[in-house]
Amino acid sequence: MDPGKITAATVRADFNDLAAVLHYTRAAHDLGLWASERALIERFFPDHHAPLLEAGCGAGRVTLGLWALGYRHLTAFDFAEELVDQARSLALERRAGAIRFFHADATDLRHARLVDPPLPAQGEPDAFHVFREEAFGGALFMFNGLMQIPGRGNRRAALGELHRMCRPGAPLLFTTHDRDSSPTERALWRLETRRWIRGEQDPRLVEFGDRYFTDEAGRTFMHLPDRREVLEDLVATGWNHAFDAMRAEVAREHHAVREFSDECRFWAATRGLTVAPENVTP
Ligand SMILES: C[S@@+](CC[C@H](N)C(=O)[O-])C[C@H]1O[C@@H](n2cnc3c(N)ncnc32)[C@H](O)[C@@H]1O
């Protein structure tokens with residue numbers, strides 16, 4: 001039987017699954033920001049008053065970390081409702097009720113829905129007013145969330161949406177894996193290349209570079225790019241590359257962080273002035 005390709009619906013269901021909800025909720029409560037995240041946030045987001053948009057906020061690990069660092073104009077969203085509900089509860093527990101949480105798919109922010117909406121009479125801005133073009137002074141898509149979107153065109157759509165939401169010059173910070181980061185990785189990907197040439201890859205995968213595996217966080221889809229791919233995607237969606245480095249080059253992490261997450265590459269970019277629409281689709 002054809003198992004079918006992994007889609008956004010697969011990924012969303014996996015993140016709404018109990019194993020993932022427990023994993024990311026624990027991290028939001030107990031782990032907080034990694035040393036590397038904190039260093040780069042402080043470097044690329046110097047303005048604590050700027051309205052910031054966090055994509056793929058999960059259970060709020062980074063959102064609440066930003067709040068603790070003193071950022072006060074925070075909007076966060078995720079398409080996994082169970083995770084955003086956890087983030088919202090944690091924000092209330094930590095007296096950070098001013099953070100606005102939305103259910104939204106990063107590839108199309110026109111359908112964002114406010115979590116736990118207050119009565120209209122209270123005047124809380126709705127999605128239509130929050131997700132305005134150029135409304136944000138910066139955006140983040142941390143811990144590889146962007147690479148959990150199947151299909152390069154969809155990842156570019158997400159970068160395009162963040163571009164649409166940010167002001168010219170605004171910073172974007174995100175992470176990815178890197179297929180070329182070590183000799184072991186390169187050897188594994190040479191084997192995977194041969195599987196694709198023979199047509200013996202996991203039939204659920206969408207593109208070369210994809211992985212679909214099960215670990216303590218449940219089922220996980222992840223696209224592992226090489227550096228060139230990410231640089232091309234930034235150019236195609238109107239982001240100017242500002243910085244990239246492997247996490248180990250940025251900070252030495254506590255073993256709890258290394259247990260929670262593999263090595264990754266950090267990327268920072270700034271929002272350029274325009275996007276050429278014909279460039280968005282690869
Ligand atoms: C690895 S988790 C990271 C969660 C959180 N940022 C953290 O660091 O703990 C990636 C997150 O991206 C979200 N995500 C993936 N694709 C998404 C999409 N298309 N739209 C919105 N959220 C998405 C997932 O639901 C998940 O919560």
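Where does Arg 252 lie? Arg 252 sits in the loop that joins α10 (247-250) to α11 (255-260), and that loop opens this set of close-ups. Please keep in mind throughout that the model is predicted.

**View 1. Arg 252, an exposed residue in the loop between α10 and α11**. Placed between α10 (247-250) and α11 (255-260), Arg 252 counts as exposed because 10 other C-beta atoms lie within 10 Å, and the cut-off for that class is 12 or fewer. Look for Ala 35 in this view as well: Arg 252 and Ala 35 are 217 residues apart in sequence, yet their C-alpha atoms are 7.2 Å apart in space.

**View 2. The shell of 23 residues around the ligand**. Start with the residues that come nearest, which are Gly 56, Gly 58, Ala 106, Phe 143 and Gly 145. Three elements give two or more residues to this shell: α1 (8-16), α2 (18-31) and α4 (61-69). Of the contributing elements, α1 gives the most, with three residues. If you are thinking about the chemistry of the shell, its residues divide into 14 nonpolar, six polar and three charged.

**View 3. Phe 143 and Asn 144, two residues with positive phi in the loop between β5 and α7**. Here we stay with Phe 143, one of the residues that come nearest to the ligand. Phe 143 is found in the loop between β5 (138-141) and α7 (152-165), and Asn 144 lies in the loop between β5 and α7 too. Most residues other than glycine have a negative phi. Against that background, the phi of Phe 143 is near 50° and the phi of Asn 144 is near 65°. What about burial, then: is Phe 143 buried or exposed? Phe 143 is buried, because 21 other C-beta atoms lie within 10 Å. Asn 144 is buried as well, with 20 other C-beta atoms within 10 Å, and the class begins at 20.

**View 4. The crossing of helices α2 and α5**. The axes of α2 and helix α5 (residues 81-93) come within 10 Å and cross at roughly 25°. An angle under 35 degrees counts as roughly parallel, so that is how α2 and α5 run relative to each other. For the handedness, the crossing of α2 and α5 is right-handed. On the α2 side, the contact is made by Val 21, Tyr 24, Thr 25, Ala 28 and His 29. On the α5 side, the contributors are Glu 82, Leu 83, Gln 86, Ala 87 and Leu 90. Sorted by class, this contact has six nonpolar, three polar and one charged residues.

**View 5. Leu 83, a buried residue of helix α5**. Now we move in on one of the residues from the contact of α2 with α5. Leu 83 is found in helix α5 and is buried because 25 other C-beta atoms lie within 10 Å. Setting aside residues up to four places away in sequence, Leu 83 touches Phe 15, Val 21, Tyr 24, Gly 58, Ala 59 and Asp 78. Two of these names, Val 21 and Tyr 24, also belong to the α2 side of the helix contact. As for Ala 59, its C-alpha atom is separated from that of Leu 83 by 4.7 Å, although the two residues are 24 apart along the chain.

**View 6. Arg 155, a buried residue of helix α7**. Which residues does Arg 155 touch, not counting those up to four places away in sequence? They are Leu 146, Ile 149 and Asp 233. Arg 155 lies in helix α7 and is buried, with 26 other C-beta atoms within 10 Å. For a sense of scale, Arg 155 and Asp 47 are 108 residues apart in sequence and 27 Å apart in space, C-alpha to C-alpha.

**View 7. Pro 171, a buried residue of strand β6**. The last close-up turns to strand β6 (residues 171-176), where Pro 171 is found. Pro 171 is buried, because 25 other C-beta atoms lie within 10 Å. Leaving out residues up to four places away in sequence, Pro 171 touches Phe 44, Phe 45, Gly 138, Ala 268 and Thr 270. Ala 242 is 71 residues from Pro 171 along the chain, and their C-alpha atoms are separated by 8.8 Å.

Notes:
Residues are numbered from 1 along each chain as its sequence is written. This is a predicted model: local features need pLDDT of at least 70, side-chain atom pairs count only at pLDDT 80 or more; totals for chains, interfaces and linings use all residues. A residue is near a molecule or strand if its C-beta atom, placed from the backbone, lies within 6 Å of it. Helices (H or I, at least four residues) and strands (E, at least two) are DSSP runs, numbered from the N terminus. Ala, Val, Leu, Ile, Met, Phe, Trp, Tyr, Cys and Pro count as nonpolar, Asp, Glu, Lys and Arg as charged, and the others, Gly among them, as polar. Axes are lines fitted to C-alpha atoms, for helices over the stretch in contact, and angles run from 0 to 180 degrees between N-to-C directions. Angles under 35 degrees count as roughly parallel, over 145 as roughly antiparallel, 65 to 115 as roughly perpendicular and the rest as oblique. A crossing is left-handed if the near helix is turned anticlockwise from the far one by less than a right angle, and right-handed if clockwise. Two residues are in contact if their C-beta atoms, placed from the backbone, lie within 7 Å.
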